[in-house]
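Reader: I should be grateful for a close look at a single part of this structure, together with the surroundings in which it is placed. Please give the reasoning wherever a conclusion depends on it.

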Amino acid sequence: MVAAEMSTRHGERCPLDSTLKILYGKWKSIILCRLMQQKEMRYSEILQTLSGCTRRMLSLQLSQLETDHIIKKEIDTSFVPIKTSYHLTELGQSLVPIIKEMDIWGQMYLDTLCKIKNS
């Protein structure tokens, strides 16, 4: 189901929930970070960078991101084997600054927790 269709909680529409549902998934944030660093990646390249991720799980996470229009799957049949690659869509590109800010906030949060535990 598309994240936008699942964005109602507590009887009201919640755009923040839509955003969180797009990013929710064990491997989605890492997949998006990989695609932010490279313009395009083949399925096998993504899989190699995700230690512990199964082929089935990667396919599921990529499919969900594609359904939510965050990434686009390109299939080139002129290659043997067929070349399947992924890249961020325009909507996916619009998430980049948000993801970067979330990363900055997360680092600040972890640093603050470390200071609290050490004091």
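Author: Cys 14 is partly exposed in this predicted model, with a relative accessible area of 21%. Cys 53, in contrast, is buried, at a relative accessible area of 10%. The assignments differ because a residue counts as buried under 20%. The sulfur of Cys 53 has its closest cysteine sulfur in Cys 33, 14 Å away, which is too far for a bond. A disulfide is a covalent bond between the sulfur atoms of two cysteines. A search of the whole structure finds 0 of them.

The part examined here is helix 4, and the chain around it should be described beforehand. The protein chain contains 5 helices and 5 strands, arranged along the sequence in the pattern β-β-α-α-β-α-α-β-β-α. Its C-alpha trace spans about 60 × 40 × 25 Å along the principal axes. Of the 119 residues, 29% are buried. Among contacts with a separation of 6 or more, 46% are made by residues 24 or more positions apart.

Helix 4 comprises residues 55–67. At 1.5 Å a residue, its 13 residues should span 18 Å, and the end C-alpha atoms are indeed 18 Å apart, so the expected and computed values agree. The buried residues of this helix are Leu 58, Gln 61, Leu 62 and Leu 65. They cover an arc of only 100° around the axis, and therefore lie on the same side of helix 4. The general rule is that an α-helix has 3.6 residues a turn, so residues three or four places apart point the same way.

What covers this buried side? The cover over the buried residues of helix 4 includes helix 1 (15–23), helix 2 (28–37), helix 3 (43–49), strand 4 (71–76) and strand 5 (83–88). One residue that illustrates the packing is Ile 31. Beyond its neighbours up to four places away in sequence, Ile 31 touches Leu 58, Gln 61, Leu 62 and Leu 65, as well as Ile 46 and Leu 50. The four buried residues of helix 4 are thus among the contacts of Ile 31.

These contacts can be placed in a wider setting. The largest nonpolar core has 23 residues, and those with the most contacts inside it are Ile 31, Leu 32, Leu 35, Ile 46, Leu 58, Leu 62 and Ile 71. Two or more residues of this core come from each of helix 1, helix 2, helix 3, helix 4, strand 5 and helix 5 (90–118).

The end of helix 4 also merits attention. Helix 4 is followed by His 69, whose phi is positive. His 69 lies in the loop between helix 4 and strand 4. Its phi is near 65°, in a residue other than glycine. Most residues other than glycine have a negative phi, and most peptide bonds are trans. Is His 69 buried or exposed? With a relative accessible area of 51%, His 69 is exposed, because the exposed class begins over 50%.

Beyond this loop comes strand 4, one of 3 strands that form an open sheet in the order 3-5-4 with antiparallel pairing. Strand 3 (41–42) and strand 4 stand at the edges, each with a single partner strand, so one side of each has no neighbour in the sheet. Strand 4 is joined to strand 5 by 6 bridges, and within this pair Lys 72 stands opposite His 87. Strand 3 pairs with strand 5 over 2 bridges, and here Met 41 stands opposite Tyr 86.

Strand 4 and strand 5 form a hairpin, with 6 residues between them. Pro 81 is found in this loop, and the peptide bond leading to it from Val 80 is cis, with omega near -5°. In strand 5 one finds Lys 83, which counts as buried at 18% relative accessibility. Apart from neighbours within four places in sequence, Lys 83 is in contact with Glu 40, Arg 42, Glu 74, Ile 75 and Asp 76.

Returning to helix 4, the central point is that its buried residues share one side, and that the cover over them includes both helices and strands.

Definitions and conventions: Residues are numbered from 1 along each chain as its sequence is written. This is a predicted model: local features need pLDDT of at least 70, side-chain atom pairs count only at pLDDT 80 or more; totals for chains, interfaces and linings use all residues. Side-chain values use heavy atoms; hydrogens and water are left out. The expected span of a helix is 1.5 Å times one less than its number of residues. Buried means under 20% relative accessible area, exposed over 50%, partly exposed in between (1.4 Å probe, protein chains only). The arc is that of the directions from the helix axis to the C-beta atoms. Contact means heavy atoms within 4.5 Å. A nonpolar core is a set of buried Ala, Val, Leu, Ile, Met, Phe, Trp, Tyr and Cys residues joined through side-chain atoms within 4.5 Å. A disulfide is a pair of cysteine sulfur atoms within 2.5 Å. Two strands pair if DSSP finds at least two bridges between them.
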